[in-house]
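Subject: Structure handover

Hello,

Here is the structure for you to look through. Please open it first, then read my notes below.

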There are 2 protein chains.
Amino acid sequence: MNSYTEENYLKAIYSLAQKSENKGASTNAIATALATKASSVTDMVKKLAEKKLVNYKKYQGVTLTEKGKSVAVNIIRKHRLWEVFLVDKLNFKWDEVHDIAEQLEHIKSPELTQRLDQFLDFPKFDPHGDPIPDAEGNILNHAEMNLLSELKQGEKGVVVGVKDSSSGFLQHLENQNLMLGTKLIVAQIFEYDQSMNIEFADGNHITISQQVSHNVCVKKEID
Amino acid sequence: MNSYTEENYLKAIYSLAQKSENKGASTNAIATALATKASSVTDMVKKLAEKKLVNYKKYQGVTLTEKGKSVAVNIIRKHRLWEVFLVDKLNFKWDEVHDIAEQLEHIKSPELTQRLDQFLDFPKFDPHGDPIPDAEGNILNHAEMNLLSELKQGEKGVVVGVKDSSSGFLQHLENQNLMLGTKLIVAQIFEYDQSMNIEFADGNHITISQQVSHNVCVKKEID
DNA sequence: ATATATTTTTAGACTAACCTAAATTTTATC
DNA sequence: GATAAAATTTAGGTTAGTCTAAAAATATAT
């Protein structure tokens, strides 16, 4: 089992890796991210290396091992699920939840996480629009995702999530048959109000406002 | 702000004070409650005394100050609210929630506690039947409650809580169909070992040891 | 390529919380 | 009231995580 502090280091290293492509996280960068000193980072990184959670060579920066990545992603999963809970169920504003989720993410109980996920109807995005990793640690890369409103005429995509996860919006999508996994083609975009006509696999067409297309996340399909 | 560990000490001292009327908690008793050593307790108690959270005189045991009591009660409030959440919203069994609530009770955010309370419709009792302190720290008096072992032959009662909330004990009760809200009559008490035969509303009878009846709380029903 | 600046690591210390073992105080017993 | 037993405290040490200051390695600039 990893300590609260170890978990925070892994999370910081993970998110630094996201930002700077495939280079390892530097000692200083980690120190800045965690508001601590470089020497403390060196100590901790050695410990994480012993536990096979990071790859570390002196002076060469740090990367997560598969094991370390899986721990980090699980914490991010919990963080984002709790954020959904706080906003959707307890009516916090999206900008008030970070510090509380920062504490809740360390609660240890896989069963709790699973049940929370279910209670929240398996949300795919947190209130800030960041994707929530699934229980196996699969996480949608933000790079390979677009808002439906960003697609151009003729482009194909599959619905992978929503930005607005209010029950009103989800209801609306369901009424329109726009659901998770739905495949679609952008048939036409109307200049006037940026509303969009889309075609489903079964040939049916619907028109949606930009407000809607701006809150639906899709993965582009290239063929 | 108090550490996780300090909070656990305050909670332990509070609950020991409940049990043994108005005497201070002894060093050994605290050590046992927290599965630590007496010498560690002495160290921590000195620290809590410096912070004006407990009254402490060497060799004389410990009592909570008003400040310490208020911290302890707030943690108990959070613990019990989270237990309600886990059982009512996430469908955990009442004997599965203690360890998780033990972690959740330390989350620091008064706003969160308040909203959770509201989300749960301001519950007055946790799933084990223990009263939930309100935001000001007022807690319902356990006085109108008896241990099942205190009832006499022929007396009626309804199960409102447990003293031992270990999952082993709760499991045992469930197996015997002794649950929160269960109505019963004391059919017979066996002198030899003080074991007790009780009758349920449906006419079924079971016999329980004094160890069990001594850990079940009931509200007497007079008719 | 050498000197300088920056980054990183090491060395040595600190605090919180814990431990064991020994010393002290209180309580119980005769 | 002396003495044995039990409870409690003290003394000294450990580990996790942190720090400052100095040393070592790497990167940058002329």
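How many residues of chain B are in contact with chain A, and with how many residues of chain A? The count is 13 residues of chain B against 13 residues of chain A. On the chain B side, the elements that give two or more residues are α5 (98-104) and α6. Helix α6(B) supplies the largest share, with four residues. By type, this side of chain B holds seven nonpolar, three polar and three charged residues.

Please keep in mind that this is a predicted model.

Chain A overall

Chain A has 223 residues, and 30% of them are buried. Its secondary structure comes to eight helices and eight strands. The C-alpha trace of chain A spans about 60 × 35 × 30 Å along its principal axes. Take the contacts in chain A between residues at least 6 apart in sequence: 55% of them join residues at least 24 apart.

DNA strand D

Which residues come nearest to DNA strand D? They are S3(A), S39(A), S26(B), N28(B) and S39(B), out of 20 residues around the strand. Both chains take part. Chain A gives two or more residues from each of α1 (4-19) and α3 (38-50). Chain B does so from α2 (27-33) and α3 (38-50). The most comes from α3(A), with five residues. The surface near DNA strand D divides into eleven polar, five charged and four nonpolar residues.

The sheet in chain A

Chain A has an open sheet of six strands with antiparallel pairing. The order is β3-β8-β4-β5-β6-β7. Its edge strands are β3 (146-147) and β7 (205-208), and each of these pairs on one side only. Further in, β4 (residues 156-162) and β8 (residues 216-221) of chain A pair in the antiparallel sense over six bridges. If you want a spot to look at, V162(A) stands opposite V216(A) in β8(A).

A residue in helix α4 of chain A

Look next at A72(A), which sits in helix α4 of chain A. Is A72(A) buried or exposed? A72(A) is buried, because 24 other C-beta atoms lie within 10 Å, and 20 or more is the cut-off for that label. Leaving aside neighbours within four places in sequence, A72(A) is in contact with L10(A), K11(A), Y14(A) and L64(A). E6(A) is 66 residues away from A72(A) in sequence. In space, their C-alpha atoms are 9.9 Å apart.

Two backbone angles to check

Two residues other than glycine have a positive phi, and here they are one by one.

- N91(A) has phi near 60°. N91(A) lies in the loop between α4 (66-89) and α5 (98-104) of chain A. N91(A) counts as exposed because it has 11 C-beta neighbours inside 10 Å, where the label applies at 12 or fewer.
- F122(B) has phi near 50°. F122(B) is in the loop between α6 (110-119) and β3 (146-147) of chain B. F122(B) also has 11 C-beta neighbours inside 10 Å, so F122(B) counts as exposed.

Where to start

I would begin with the surface near DNA strand D, where α3(A) gives five residues. Then turn to the side of chain B that touches chain A, where α6(B) gives four.

Best wishes

Definitions and conventions
Residues numbered from 1 in each chain as written. Chains lettered and ligands numbered in written order. Predicted model: local features only at pLDDT ≥ 70, side-chain atom pairs only at ≥ 80, totals over all residues. Near = placed C-beta within 6 Å. Nonpolar A, V, L, I, M, F, W, Y, C, P; charged D, E, K, R; others polar. Contact = placed C-beta atoms within 7 Å. Pairing = 2+ DSSP bridges.
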